Amino acid sequence: MRYDEKSVRTIQVKTKSAKYPVVVGSGLLPTLYRRLPKRNRVFVLTSPEIWALWSKRFLASFPKENQPSVLFLPTGEQYKRLTYIEQLASQLASEHADRSSLLIAFGGGIIGDMGGFLAAIYMRGIDYIQIPSTLLAQVDSSVGGKTGTNLASGKNLIGSFHHPLSVFADIDLLHTLPDRELRAGLFESVKAGVIRDTRLFRFMEHNPKTILKRDSKALEYIISSSIRMKADIVGIDEKESGLRMILNFGHTVGHAIEAVTHYRKLLHGEAIAWGMLAALQLGRVRGTISPTYADRVERTILAYGPLPSFKTDAGRLLDATSRDKKNRAGVRRFVLPEGIGNSVVVENVTDSELAAAINWMLRRVREA
Ligand SMILES: NC(=O)c1ccc[n+]([C@@H]2O[C@H](COP(=O)([O-])OP(=O)(O)OC[C@H]3O[C@@H](n4cnc5c(N)ncnc54)[C@H](O)[C@@H]3O)[C@@H](O)[C@H]2O)c1
Ligand SMILES: [Zn+2]
């Protein structure tokens, strides 16, 4: 099904430091040029793979005399590093990019984080636009202003807050996305529903087949609801001093799984799905979520599987959770859902409680 312009939805992100639209719909790329602010120089950061698939559509609306310059970053988490920021900044400088230039980050979350960070620090900050091309980037990473790179010692340890001028989430881009990447993004949308949007959760609970078939209307609903939820939270707590923490449901154990498997075995969304299952179990044992609710969420997560298996032990996972960026002064902070659409941050999860939930999860991992 194609969408006309009327089906395009715009969600406003409003924080203390920025206000910008996130446009969601089909057919955005072919009309891109007229949606952009007028600038003398436009630069695009993308990956060779994405450019091979989508450059024709991307460039369709640019006039001949105002074609953008294209910068490439190879695909993979190992390229989300400062050394590549320096290389890209040097390319910008050699092509005479100045403070009035516009950078477009066109790709998945890695391109988005790197493009945003490059824009944050090149000449102390230039304007940029996000065109996320994975579901994960559309529902999560392109909104909220977090940008950055990895260090050898950990993910996203260098970064800054730098909001884009706007975000264009073109659903058509998802047609070429591998199935596993789609599922990984869907887990973040289940998370969005569980923590704060009951309607979104119910929709995902009842329509996995339609969604996995990539029905455009279903995807548009999921993407715009997830963005609205994130925009709402970021509007209240831009710098993660309180409420924004709840976006980390499933991420304490999820990040630990990614770290112990060296970011190679699982996609981020898959690790987070396992992490959500562990957090639900913790909630069951503590009695903070009803078993019926917990089972519904668990079934919904598994409906977007399969979840890949991996090898580790509870000790290593527990150890990795203590190095989580969310922790404050050595206190582990943990997001627990209390009911669907409602979650809380707790600081009193003990090692033995968490170890029990992790062991429960690892038994499921071994069966996967
Ligand atoms: N800034 C934030 O708030 C935030 C939030 C969540 C995640 N992140 C970051 O996002 C990154 C993960 O992002 P991701 O999951 O999008 O991964 P990614 O950027 O690596 O993209 C995943 C894969 O999909 C391919 N791809 C992208 N778009 C495609 C398309 N339309 N068709 C075909 N293939 C396509 C890419 O080439 C890549 O192989 C991580 O580095 C994570 O730290 C940031
Ligand atoms: Zn995440």
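## Working through a predicted model

Ala 320 is buried, with a relative accessible area of 10%. Keep in mind that this is a predicted model. We'll come back to this alanine in the first exercise.

**Exercise 1. Which helix holds Ala 320, and which residues does Ala 320 touch, not counting residues up to four places away in sequence?**

Start with the address: Ala 320 sits in helix H13 (residues 314-321). Next, check the burial call: the cut-off for buried is under 20% relative accessible area, and Ala 320 comes in at 10%. Now look for partners. Leaving out residues up to four places away in sequence, Ala 320 touches Ala 256 and Val 260. Finish with a distance: from C-alpha to C-alpha, Ala 320 and Thr 252 are 9.0 Å apart in space, with their positions 68 residues apart in sequence.

**Exercise 2. What are the protein donors of the zinc ion (ligand 2), and how are the donor residues spaced in sequence?**

Pick out the atoms first: Glu 188 gives OE, while His 251 and His 268 each give NE2. These donors lie 1.9 to 2.1 Å from the zinc ion. Then write the spacing of the donor residues, which is E-x62-H-x16-H. Glu 188 in helix H6 (residues 179-196) and His 251 in helix H10 (residues 251-260) are 63 residues apart, so to speak a link between distant parts of the chain. Last step, accessibility: Glu 188 and His 251 are both buried.

**Exercise 3. What is the strand order of the open sheet, and which strands are the edge strands?**

Walk across the sheet: its seven strands come in the order E1-E2-E9-E6-E5-E3-E4, and the pairing is mixed. The edges are strand E1 (9-14) and strand E4 (69-72), each of which pairs on one side only. From one strand to the next, the twist averages 20 degrees.

Now zoom in on two pairs. E1 and strand E2 (residues 19-25) run antiparallel and are joined by six bridges; Gln 12 stands opposite Pro 21 in E2. Strand E5 (residues 102-107) and E6 run parallel, also with six bridges, and here Gly 107 faces Pro 132 in E6. As for strand E6 (residues 127-132), five of its six residues are buried, so the rest of the structure largely encloses it.

Finally, add the helices. Helix H9 (residues 216-236) lies across E1 and E2, at about 15 degrees to E1. Helix H3 (residues 82-94) lies across strand E3 (42-46) and E4, at about 160 degrees to E4.

**Exercise 4. At roughly what angle do the axes of H3 and helix H4 (residues 109-121) cross, and is the crossing left-handed or right-handed?**

The axes come within 10 Å and cross at roughly 60 degrees. H3 and H4 are therefore oblique to each other. Their crossing is right-handed. For the contact, H3 brings Leu 82, Tyr 84, Ile 85, Leu 88, Ala 89 and Leu 92, and H4 brings Met 114, Phe 117, Leu 118 and Ile 121.

**Exercise 5. Do the same for helix H7 (residues 198-206) and helix H12 (residues 291-303).**

Here the axes come within 9 Å and cross at roughly 55 degrees. H7 and H12 are therefore oblique to each other. The crossing of H7 and H12 is left-handed. Among the residues that meet are Phe 201 and Met 204 in H7, with Val 297 and Thr 300 in H12.

Note on methods: Residues numbered from 1 in each chain as written. Chains lettered and ligands numbered in written order. Predicted model: local features only at pLDDT ≥ 70, side-chain atom pairs only at ≥ 80, totals over all residues. Heavy atoms only, no water. Donors = N, O, S within 2.8 Å, 3.2 Å for Na, K, Ca; no water. Helix = DSSP H or I, 4+ residues; strand = E, 2+ residues; numbered from the N terminus. Buried < 20%, exposed > 50% of the residue type's maximum accessible area, 1.4 Å probe, protein only. Pairing = 2+ DSSP bridges. Axes fitted to C-alpha atoms, helices over the stretch in contact; angles between N-to-C directions. Contact = heavy atoms within 4.5 Å. Parallel < 35°, antiparallel > 145°, perpendicular 65-115°, else oblique. Left-handed = near helix turned anticlockwise from the far one by under 90°.
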